[in-house]
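Reader: Could you take me closely through a single part of this protein, and then place that part in the setting of the whole chain?

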Amino acid sequence: MLVSTYRNREDDCTSELWYLFRELGDDSIEVRRALVPGLLLVKTKLDPFEAAKRIGEIAKERPWDVRYTLKLTPIDVVTSDNEEEIRKAAVDIAIKKIGENETFRITINKRLSNLSSKKLIEEIAKEINRKVNLKDPDKVLQIEIIGKDVGIAVLKPGDIISIVKITTS
């Protein structure tokens, strides 16, 4: 899972995540700072999509318990920054999670990397036999590249949990 927080509040967010995940039933999460300030990488034994949703529910019910976590992005698979490994992992997860009648888009968020987003998108898209819809897709194949860490997820609308939106609505 990719978690964003305020810059220089990574330690506070880490403590908050340990507390929240313990409440959800995982007392052995691994949290480490990404190379980018304000980003944390979280490894949990729980389903990351369900965990993100449940933390969003906690934020709605008890906003005082979720003060440093800003956004939760579930990740299906983690790989290295090797282009071939990214392509293979992205195609595998996309074919499993995007139905034959569903549309999709590929989104790449890249930090501290010289990989070509355009080239990656072209290489991956040509292997996914699904219809592309850039404006309103059923699913988004999201690739998060942070230096040598790469997370890939197939997301539906609402899978990325923005705590700010939840607590201000």
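Author: This is a predicted model, and its secondary structure amounts to five helices and 10 strands. The part I would look at is an open sheet of five strands, in which the order runs 2-3-1-4-10 and the pairing is antiparallel. At its edges lie strand 2, residues 30–33, and strand 10, residues 161–162, each of which pairs on one side only. In general, the strands of a sheet are paired through backbone hydrogen bonds, in either a parallel or an antiparallel sense. Strand 10 has strand 4, residues 69–73, as an antiparallel partner, and two bridges join this pair; in one bridge leucine 72 is matched with isoleucine 161 of strand 10.

As for the setting of the sheet, contacts between residues 24 or more positions apart make up 73% of those in the protein that have a separation of 6 or more. The radius of gyration is 16 Å, which agrees with the value near 15 Å that a compact globule would have with 169 residues, while the C-alpha trace spans about 45 × 30 × 25 Å along its principal axes. Of the 169 residues, 49% count as buried, and the accessible surface of the protein comes to about 9,400 Å², with 48% of that area belonging to carbon and sulfur atoms. Turning to charge, the protein carries 30 positive and 29 negative side chains, and the centres of these two sets are 3 Å apart.

Note on methods. Residues numbered from 1 in each chain as written. Predicted model: local features only at pLDDT ≥ 70, side-chain atom pairs only at ≥ 80, totals over all residues. Heavy atoms only, no water. Helix = DSSP H or I, 4+ residues; strand = E, 2+ residues; numbered from the N terminus. Rg over C-alpha atoms; globule rule 2.2 N^0.38 Å. Buried < 20%, exposed > 50% of the residue type's maximum accessible area, 1.4 Å probe, protein only. Contact = heavy atoms within 4.5 Å. Areas by Shrake-Rupley, 256 points an atom, 1.4 Å probe, with all protein chains shown as cover. Lys, Arg positive; Asp, Glu negative; His and termini not counted. Charge placed at Lys NZ, Arg CZ, Asp CG, Glu CD. Pairing = 2+ DSSP bridges.
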